[in-house]
Structure formats: structure tokens, C-alpha cells
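Q: Please take a close look at a single part of this structure, and then connect that look with a careful account of the sheet and the helices beside it.

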Amino acid sequence: MSQKPINHTFQLPDGRPISIETGKLAKQADGSVVVTMGNCMLLATVCANKEAKPGVDFLPLSVDYQEKYAAAGRFPGGFFRREARLSEYEILISRIVDRALRPLFPEDYHADVQVMITLISADKDIMPDALAGLAASAALTLSNIPFNGPISEVRVARIDGNMVINPTIKDLERADIDLIVAGSADNIVMVEGEMSEVSEADMVTAIKTAHDAIKNQCQAQLDLLAKCGGVEKQTYSHETHNDDLRKKVSDATYQKVYEIALAGNPNKTLRAEAFKNVLNEFVTTLTEDELAQMELVKKYYHDVEYDAVRNAILNEGKRLDKRQTTEIRPIWCEVDYIPSAHGSSIFTRGETQSLTTVTLGGKMEEQIIDGVMFEGMNKFLLHYNFPGFSTGEVRPNRGTGRREVGHGNLAMRSIKKVLPPESENPYTIRVVSDILESNGSSSMATVCAGSLALMDAGVKLRSTVAGIAMGLISDGKGKFAVLSDILGDEDHLGDMDFKVTGTKNGIVACQMDLKVQGLPYEVLAQALEQARLGRLHIIGEMEKVKSVANDDYKPHAPRITEIIIDKEFIGAIIGPGGKIIQEMQRETGTTITIEEKDNRGYVQIAAVGREGMDAAIARIRAIVAVPEVGADYTGKVKSIQSYGAFVEIMPGKDGLLHISEVAHERLANLDGILKEGDVIQVKLIGVDEKTGKLKLSRKVYLPKPEGMPERPPRTERPDRPKHHGPRDEKSNGENRSSEHNRPQRKPASPETEN
């Protein structure tokens with residue numbers, strides 16, 4: 001391969017260019033490329049060991065996608081300020097690329113292969129995940145590593161009714177179909193994405209549109225390879241076989257295994273024991289030399305199981321658990337199983353069981369998203385756990401694995417589509433699915449259990465959502481069987497794992513992996529239709545237990561109320577140093593958060609119990625209320641001055657009760673009449689137009705002393721400015737003519753008096 005940088009550019013259907021460059025960066029890797037679209041740049045490298053490790057009979061492929069914060073001109077968060085373990089978003093992209101590449105390696109190639117894809121430059125309008133598969137495949141295609149590619153991945157989205165390849169991030173917000181599709185020039189190998197209750201026909205159209213773009217990108221990689229002068233793939237020998245031993249295993253065991261497959265058994269443990277007994281019986285007939293090749297014996301026996309089970313399905317229509325190809329395993333459900341949870345459910349289908357809980361929280365429980373491409377908050381979380389005991393295994397817990405992340409994400413995307421809008425759902429929601437038994441499609445059980453648990457929690461889902469896993473058995477010559485609700489064994493021995501989730505109205509999410517070359521679109525269409533009928537059956541079983549959400553939340557669930565206020569009141573609610581809001585939370589037992597957006601303040605109050613909630617609402621409404629002239633208030637005397645008293649009529653709102661408005665009689669001071677802390681009834685009689693200061697009166701509630709004359713209405717001279725200050729009480733209402741003839745003493749303002 002030439003050592004000079006070589007570049008090849010091609011275009012997307014809408015004319016936007018993508019370039020692939022090699023020979024400039026990371027030249028010591030077995031293969032390396034830089035894929036560029038706009039300002040988005042991905043560096044992909046591949047390395048492989050020369051030989052396979054002893055005893056390895058599978059492909060040890062690792063794929064890691066990582067985004068560098070420097071690519072977006074940002075510092076990483078956290079104490080160390082550097083990239084650490086992969087985020088869930090990066091893990092999901094790694095899985096998508098892995099699932100697209102893995103089927104294209106030769107079955108007998110077992111050397112360690114490492115693919116690394118790094119975002120080295122970010123573009124705020126371009127999603128890098130749609131380019132990661134292209135970059136990885138190009139690096140493999142240009143390397144000497146055996147690979148039956150190239151492949152590529154594209155995002156296809158339906159935006160405003162039109163199918164678009166690799167849309168911008170902004171345009172993607174309007175999409176009702178969002179799929180990432182991977183494939184070679186001839187076949188689709190992987191599909192994953194979400195939709196807004198679309199039809200099966202629309203999904204097939206989207207996949208076909210994506211495949212047309214994939215073909216162009218595969219050819220672009222071959223064109224780049226030609227520019228580089230081609231490459232010679234390495235020779236390898238990672239498997240040693242004994243054809244005589246293979247034949248002996250097949251002749252002695254095939255018919256017995258075939259009969260077990262035909263007989264069927266719904267219990268996977270008993271079924272596995274039956275298959276194991278055939279092997280154990282055969283081992284007793286082996287010679288000493290043949291026993292020394294036990295690893296080969298096990299491999300050949302596995303091949304016998306593979307062929308016998310598949311042939312039983314293709315030839316006789318018999319599945320391992322006696323079901324028909326379209327039949328769904330027995331289902332039972334239960335809600336409100338865990339009394340302390342805000343919502344809970346059990347969903348059991350055959351030998352797969354999910355125990356799912358829902359926890360409701362306020363704004364403080366939102367998840368912070370601090371990624372290179374995305375920042376913000378997340379209000380809906382779904383976590384999937386798969387302990388060893390669910391399959392009867394002894395397996396230590398080592399934290400969340402990639403499988404758990406991927407399965408949980410698929411369930412999350414499915415349920416997210418039927419959540420009520422944010423305006424109707426103030427909660428942060430966490431759904432946790434613990435798989436207690438597993439024999440196929442535990443992620444789909446999570447979708448069903450999550451839907452039931454949310455309705456049990458009182459979350460008003462728009463529709464019941466359910467999921468089903470479809471399988472495929474084919475002979476490569478046109479004979480095939482599509483299997484509904486596949487078992488774990490059927491997944492392992494089959495040619496397809498196609499998970500589809502949706503409502504009665506349409507599909508909301510999917511995940512498909514193909515292990516065979518050449519899946520006709522008519523087969524895909526049949527699988528989707530069979531999945532639709534199976535999904536409707538599952539929803540029917542679920543709705544026998546729970547069809548609509550509870551009218552109210554559980555008594556022990558937090559109640560959340562949101563109050564929208566003018567922006568200017570945010571500071572008043574928070575108070576100096578947070579004093580007021582902290583005091584409110586402490587005294588009412590609530591959690592109060594304030595968010596400013598669109599020049600408004602959004603105050604969220606969360607509380608367990610009505611009393612604390614009502615108290616907090618009342619205090620906040622009092623703070624943001626605008627005092628009304630003529631309204632009556634119960635106020636607290638905050639301070640006494642020589643000219644009157646300051647009275648707090650609302651939290652944070654004081655008014656001046658002038659000494660002339662305390663009583664009908666003329667007072668020299670307030671000694672013995674008012675003191676700090678007194679609670680009194682006052683009326684708001686005015687607001688100073690210039691300063692906004694409140695003027696209060698107490699005497700309007702007091703009876704007038706007997707014999708005190710009524711003051712006549714005050715008249716103003718038209719050539720004299722109207723006087724807005726307090727009346728000079730010295731006249732006491734007498735000698736009104738002289739009052740207008742002498743100069744008025746302007747009362748001191750509170751600032752002057754102080």
C-alpha cells in the first residue's frame with residue numbers, strides 16, 4: 001500500500017460530500033482511515049494478532065467508539081478532567097458497529113481483532129454515529145485482516161414525509177422514523193432505531209432507502225482500495241479438523257438429536273439434559289485417541305444440534321418447545337406487586353420473567369447529560385439488569401455490561417414514545433427491570449413489564465406498548481421459517497434476531513441482527529407482519545390485567561406541582577443566599593426547584609403528602625402575588641419608627657402604616673399601641689406611583705370615637721398641584737380654609753426619617 005496520503009470523496013444523495021483518507025495518521029496500525037463530513041472527523045484504526053490463542057474457537061472482536069472532548073473545544077467533567085470509561089452513548093455506538101462487522105468475518109478466523117473509532121473533530125450539525133460503521137469498515141477493507149466486506153452504516157430518517165440519509169441534528173428533531181441501517185452491497189445485516197407508531201410498510205421503505213445509500217458507500221471503499229493499489233489478505237489456519245471423527249459424531253448422534261427436537265419440551269433444563277445425555281452416551285464409545293480430541297467432539301456435536309434443530313423446524317414445522325411457528329408462549333402478568341414502590345409489575349412469558357419497578361421524582365432527580373455532542377438533562381431513565389441466576393448460572397456481578405446497556409436502551413426508546421407530554425408529566429421517571437428468568441427476549445419482556453408498571457404508578461401512557469422477538473431459519477436455497485417469540489436456543493441456532501416493539505397503532509422501536517447472507521425483502525415483510533400479530537396478542541394479554549393508568553398516584557408517591565411565575569420573582573423566592581427557599585423546604589417538608597426559561601420562572605414543588613404541598617404553594621403564591629389596593633391583609637409588624645410602622649403583608653412585601661393611619665385619634669408615638677411582632681389587620685389604601693411603596697391603614701377597621709366630627713371631602717384648587725402626602729393632623733379637620741392658605745409641611749420619607 002502506498003505510504004502517501006490518499007483521499008477519496010463521494011456524495012450523499014442530497015449532494016453533501018464525505019471523504020475517506022488513508023496513509024496520513026496512525027500508519028503503524030494494520031489499517032487506518034479518517035472519515036470527514038463537514039467539520040466532523042472520525043479516526044478509525046484496526047489491529048489484529050497474527051495467530052489465534054490456543055483453544056479459542058470464536059472471534060475475539062472488540063469495538064470501541066470514543067469521543068474526545070477536545071473535538072468540540074470542551075473540557076471533560078469530573079475531578080480528573082480527562083476522558084474515562086466509555087459513556088452509555090459511546091457504548092451503544094460501539095455495539096452498533098460491532099453487530100454490523102461481526103457477521104462479515106470468516107467463521108474460522110479466531111485471532112484477536114481490535115477496532116477503535118475516535119471522534120477527533122465534532123460538528124454541531126452532524127451525528128457521528130452514522131459515520132462510525134463506514135470508518136471502521138474502510139480501515140478493515142484497507143488492512144490485510146480477513147474481512148468479507150466492505151459494509152457501511154447510514155442513518156435514514158423520515159422528515160416532513162421525505163426519507164433523508166444522515167440528516168442534520170436539527171432536522172432529526174422532526175423525524176417520525178429514525179433508523180441506523182448497516183449492510184453490504186448485497187445484504188442488510190443490522191437495523192436499529194425508533195419510530196412514532198409507523199406501519200410495517202413504512203419501515204421496509206426506510207430500510208430500502210438506506211440500502212441504496214449503503215451500496216454507494218461500499219463502492220466508495222472499493223474505489224479507495226483501488227487507488228491504494230489493493231491489498232493482499234493474510235493467510236491463516238486457526239482450526240484443525242478430523243473429518244473421520246466429524247462423520248462418526250454425526251452418524252451416531254444426528255437421528256437421536258433430531259427426534260428430541262421433534263418431540264419438543266417446554267422446559268429448557270430438561271431439554272438441555274436430553275441433548276447432553278446423547279453426547280454423554282456417545283462419549284462412552286470413543287477410543288482413547290478420540291477422547292484426547294474431546295474439544296473437537298463437542299464442536300462437531302454442536303454442529304449436529306445446529307443442523308438437527310433447524311431441519312426439524314424447516315421439514316416438520318416443529319419447534320423445541322412444541323409450539324407452532326406463529327405461536328406465543330403462555331403469558332401471565334401482575335401489577336402492584338411491591339407495596340413500597342411507586343409502581344411495579346411482573347411480566348412472565350414462558351421461561352422469561354421481568355420484575356419491574358417505577359420510581360417517580362422531581363427535577364432534582366434528573367440525569368445530567370455531559371457528552372461531547374449532547375448536553376442537557378434527561379427525565380426518563382430505564383435500567384435493565386441481567387443477573388446470573390436468571391439462567392441458573394454462577395456469575396459474579398462486575399457492573400453493568402454492554403449487553404445490559406443495549407437491551408435497556410431498546411426498552412427505553414420503546415416506552416419513551418408513549419409517555420405523556422412534559423406539560424402533563426412533571427416527574428422524573430426511573431424504570432428498573434430485573435430479569436429473574438431468561439429464555440429468550442428479556443428485553444421485550446422489559447418493554448411489557450415497564451408499560452404495566454408505569455400504568456400502575458399512575459403515569460398516563462398514550463398506549464400500551466409491547467415487544468416481541470422474531471427469528472428465522474433458512475436453508476439458503478429459498479426454504480425458510482419465520483419464528484415468533486423465539487427461545488434462547490432458537491436465537492443461538494437461528495439466522496436472525498429481530499426485536500420489534502409497538503402499540504396497536506404501529507411500530508415504535510426495533511433492533512435486528514442477521515447472521516446469514518441475503519434476506520429477501522418479502523421475508524422481512526413477512527417477519528414484520530408476523531411480529532404485528534404477535535404484538536397484538538401480547539397487548540391483549542397485558543390489557544386483561546391493566547389497560548389504563550391508575551387515576552391517581554400511590555399515596556406514598558411524591559406529588560409534584562409546577563407554578564409559572566414572572567422572572568422578576570425568582571430572586572424573591574430564593575431569597576438572600578437561598579435563605580427563603582431553604583426555609584420553605586425545611587418547614588414544609590418539600591423539595592422546591594426553580595428553572596428559568598423563556599423569560600419565565602418554572603417553580604416545581606415535590607412533596608409526599610398534601611399538607612406540605614399546600615403550605616409551600618401558599619407561601620410561593622404569597623411571594624409572587626401583586627398587592628391590590630383596597631384589599632385586606634393580615635400583616636406582621638416588622639419595625640417601629642417615629643412616623644409609623646412597617647408591616648409585612650406578604651412574604652417579602654412590606655408596607656408603611658403611617659402613624660396617622662394607626663388610629664382615628666392623633667398619636668404622638670406608637671408606644672403601647674404597636675410593637676414588633678404584632679399581627680394586625682390592615683388595608684392597602686394606596687401605592688406610591690414613583691417608588692412603588694405600599695400605604696396601609698389600620699384605623700379603617702376601628703370604630704370612630706364618639707363625637708369625632710366627620711371630615712368633609714377634601715377639595716383641591718385647580719391651579720395647585722394635588723398633594724399626595726399624609727394630612728397634617730394638627731388641624732384635626734378644623735379651620736379648613738386656613739389649611740389651604742398656609743404652606744404644607746411635606747412629611748419626611750421613610751429614608752429621611754431613618
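A: In this predicted model, Gln66 has its place in strand E5, which covers residues 61-67. Gln66 counts as buried because its relative accessibility is 19%, and buried means under 20%. If neighbours within four places in sequence are left aside, Gln66 is in contact with Glu83, Ala84, Leu86, Glu90, Ile117, Thr118 and Leu119.

One of these contacts, Glu90, leads on to helix H1, which spans residues 88-101. Before turning to that helix, it helps to describe the sheet. Eight strands form this open sheet, in the order E8-E7-E9-E10-E21-E20-E18-E19, and their pairing is antiparallel. At the edges are strand E8 (162-165) and strand E19 (480-484), each of which pairs on one side only, and from one strand to the next the twist averages 15°.

Helix H1 packs on this sheet, where it touches strand E7 (152-159), strand E9 (175-183), strand E10 (188-198) and strand E21 (507-514), and the direction of H1 makes about 135° with that of E10.

Towards the edge formed by E19, strand E18 (residues 466-474) pairs with E19 in the antiparallel sense over five bridges, and Leu472 stands opposite Val482 in E19. Another helix, H12 (residues 521-543), lies across E10, E18, E19, strand E20 (496-502) and E21, and H12 runs at about 145° to E18. Strands E10 and E21 therefore appear in the descriptions of both helices, since H1 touches them and H12 lies across them, where contact means heavy atoms within 4.5 Å.

Note on methods
Residues are numbered from 1 along each chain as its sequence is written. This is a predicted model: local features need pLDDT of at least 70, side-chain atom pairs count only at pLDDT 80 or more; totals for chains, interfaces and linings use all residues. Side-chain values use heavy atoms; hydrogens and water are left out. Two strands pair if DSSP finds at least two bridges between them. Helices (H or I, at least four residues) and strands (E, at least two) are DSSP runs, numbered from the N terminus. Axes are lines fitted to C-alpha atoms, for helices over the stretch in contact, and angles run from 0 to 180 degrees between N-to-C directions. Buried means under 20% relative accessible area, exposed over 50%, partly exposed in between (1.4 Å probe, protein chains only).
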